[in-house]
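Student: Could you take me through the enclosed cavities of this protein, step by step? I would like to know which residues and which elements line them.

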Amino acid sequence: MADRGLARRVMDVLPGRGDAVRAPELRTDGGRSASRLELFFDLAFVLVVAELAIALREDVTWHGYLVFAGLFATVWWSWVSSTLYANRFDHDDVVYRLYKLGSMAAVVGLAASASEATGKRFAVFALCHVLLRLMLMLQYHRAHRHVVEARPITRLYLAGAAAGAVLWAVSLAVPRPAGFALWAAAILVEALVPLLATRSSADVPLHVEHLPERFALFTILVLGEPIAGVAHGLYDAEWSGSALPVAVLAFVLAAALWWSYFDLAGARAKRLLGEVGESNGAHSHDVYVFGHLPLALALATVGAGVELAVVEAAAGEVPAGTRLLLGGGVALFLVAASVTTSAMTSARRGWWWPVLAAGVALLDVLLELPAVVVVGALAALVCAVVVAGSVQRSAGGLATEEV
């Protein structure tokens, strides 16, 4: 009895909202924003994205990019899995905080092993993913016990996380090529769960105010890579006269990408998400979530290319690999933004024309030009997309909502 009393007194003095153990409950009603714990959690993903970008810059080949994209997808999905749970059940008690911090520790492990995930840190990377799934299972098990009306949904997510954990664990015991295939299978199996949950008859919707804020914050996180690339590139180039204008134009490119997402693409998607509402059968929820994978991958790709372009400015023409990262990344961003917003609406008139701009961006990949021209042309192109989109919005042809 004394021990119970001591434990109760300890819980009473813990700071913040996490000052007691409370049963989980649905959080899909009322206004919500990202919690401080979610923002703290996101910091660990900054490290993972940065490490993956470093590895890509050291191996700018098709193989290097496929490895980068594959590892990025596994990390992105881990973030999405945690976000989807928090979107419905975040109640910020002590137990939830401990699970979230345990997951954050696993993400730090991902960051420490990401650059060698396909090599000597294979086991560490896989074990960190196993730990993330175990933490997620504990959270969904708790929600399953306490939130009766959500059991059809929590049962799906429990099964998906368990299957993913098993596949990641088994990958440790098989040869590397087969192990990588199991990683891909784990992500595909888990990615089916939100699709099934959307079509479930259970009335357990997503919170359509919290969701776009979380994805906007992750987009900000990834946009940090182009900014970091400018700074690191200038440092490595020792502020040479040829590197400085490229760095300035690269910053303009990053700013234009930010503007394009938060004033146009992301704002348009948020508006469409709000129009659909919390209807559990709305396919727009799935389009919104999965459409952010190529978008985030594109921004991380541009970030890796920016640093290389600034450093290589003194050499004259930009190598084909760097042009592919820059031009291909911008093209992928424009296509992903356009297709996602267009697929979320049944109206024939969508924000489709940036796909044409993506075709222009690919010319930077094909033409051998100086770094200042390559980066400058892409910056001008995205700025033109922003101006055209802003005019379209002002004319009433592009309804948006502030992200």
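Tutor: In this predicted model, a search of the whole structure turns up four cavities of 30 Å³ or more, and the largest cavity has a volume of about 110 Å³. The residues that line the largest cavity are F41, S78, S81, S82, S103, L132, R133, L136, Q139 and E190. Two elements, α3 (62–89) and α5 (122–146), are the ones that give two or more residues to this lining, and the largest share, four residues, comes from α5. Sorted by class, the lining of the largest cavity holds three nonpolar, five polar and two charged residues.

Let us turn to the next cavity in the ranking. The second largest cavity has a volume of about 80 Å³, and its lining is made up of W77, S81, L84, L136, Y140, Y157, G160, A161, E190 and V193. For this second lining, at least two residues are supplied by each of α3, α5, α6 (151–170) and α7 (176–198). By class, the residues that line the second largest cavity divide into seven nonpolar, two polar and one charged.

When you go back to the structure, it helps to look for residues that appear in both linings: S81, L136 and E190 line the largest cavity, and S81, L136 and E190 also line the second largest cavity. The elements α3 and α5 likewise recur, since each gives two or more residues to the lining of the largest cavity and each supplies at least two residues to the lining of the second largest cavity.

Terms used: Residues numbered from 1 in each chain as written. Predicted model: local features only at pLDDT ≥ 70, side-chain atom pairs only at ≥ 80, totals over all residues. Heavy atoms only, no water. 1 Å grid on protein atoms, 1.4 Å probe; cavity = no way out; pocket = protein on both sides within 12 Å on 5 of 7 lines; lining within 4 Å. Points joined across faces, edges and corners; volume = space filled by probe spheres on them. Nonpolar A, V, L, I, M, F, W, Y, C, P; charged D, E, K, R; others polar.
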